[in-house]
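Colleague: Please pick one part of this model and go through it closely. Then set it against the rest of the chain.

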Amino acid sequence: MNVNTQLFKEVKDFLKNNNLASIATAPSSQASPDSAYIYYYYGNSRSLYFAASKDSVKIQNIITNANIALSICNSIECEELQIKGKAYLIDDHEDAIAILTSIHNAIKKDILSSHAWPLMELHP
């Protein structure tokens, strides 16, 4: 296995084994960036998926400036991955359903594993 193939495999494994990232967005290239945490889903493609309220600052920034940066950290292994890219709204309803179904299936599978995140209800 060559170095590039091995590195790509390690990056894919890192993305699959983590799901929390810090996303940085800005309304323009001259504006100060905003940062927020997101939960993401990485399947077998070269894309990450996340959802947020359409009224959130990050989504409003992405609408005017698709350039984003992500920082994903695994504090247990002391590893971090930084990614720059472009975020796009998935307008096609059928594509959105297919992606959400994939996310749902992945979560169902994780519930049976030792890495499951328990569902909690908060009463303030």
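Modeller: Aspartate 13 is partly exposed, with a relative accessible area of 32% (buried means under 20%, exposed over 50%, partly exposed in between, with a 1.4 Å probe and protein chains only). The model is predicted, so local features need pLDDT of at least 70 and side-chain atom pairs pLDDT 80 or more, while totals for chains, interfaces and linings use all residues. Residues are numbered from 1 along each chain as its sequence is written, and side-chain values use heavy atoms, leaving out hydrogens and water.

The side chain of aspartate 13 meets that of lysine 9 in a salt bridge, at 2.8 Å from N to O (a side-chain nitrogen of Lys or Arg within 4 Å of a carboxyl oxygen of Asp or Glu). The two are separated by about one helical turn, because they stand 4 residues apart in helix α1. Lysine 9 is partly exposed as well, at 42% relative accessibility. By this rule the salt bridge count comes to 1.

Helix α1 covers residues 3–17 and also holds lysine 12 (helices are DSSP runs of H or I with at least four residues, strands runs of E with at least two, numbered from the N terminus). Lysine 12 has a relative accessible area of 25% and therefore counts as partly exposed. Its C-alpha lies 8.3 Å from that of asparagine 44, although 32 residues separate the two in sequence.

Now the wider chain. The protein has 3 helices and 6 strands, in the order α-β-β-β-β-α-β-β-α from the N terminus on. Of its 124 residues, 21% count as buried. Of the contacts with a separation of 6 or more, 46% join residues 24 or more positions apart (contact means heavy atoms within 4.5 Å). The exposed surface is about 9,700 Å², and carbon and sulfur atoms supply 57% of it (Shrake-Rupley method, 1.4 Å probe; for residues, only the protein chains shown count as cover).

Two patches stand out for comment. Leu20, Tyr37 and Tyr39 make a nonpolar surface patch of about 360 Å² (patch residues have over 30% relative accessible area and no salt bridge; like charges are joined within 9 Å, nonpolar side chains, that is Val, Leu, Ile, Met, Phe, Trp and Tyr, within 5 Å). Leucine 20 belongs to strand β1, residues 20–25, and is partly exposed, at a relative accessible area of 34%.

The other patch is one of negative charge on the surface, where Asp91, Asp92, Glu94 and Asp95 gather (Lys and Arg count as positive, Asp and Glu as negative; His and the chain ends are not counted). Each charge is placed at NZ of Lys, CZ of Arg, CG of Asp or CD of Glu. Aspartate 92 sits in the loop between β6 (79–86) and α3 (93–111), and its relative accessibility of 38% makes it partly exposed. The loop between β6 and α3 also contains tyrosine 88, which is exposed at 64% relative accessibility. Tyrosine 88 and isoleucine 62 are 26 residues apart in sequence, with 7.8 Å from C-alpha to C-alpha.

On the other side of β6 in sequence, cysteine 78 lies in the loop that leads from β5 (67–74) to β6. Cysteine 78 has a positive phi, near 55°, in a residue other than glycine. Its relative accessibility is 71%, so cysteine 78 counts as exposed.
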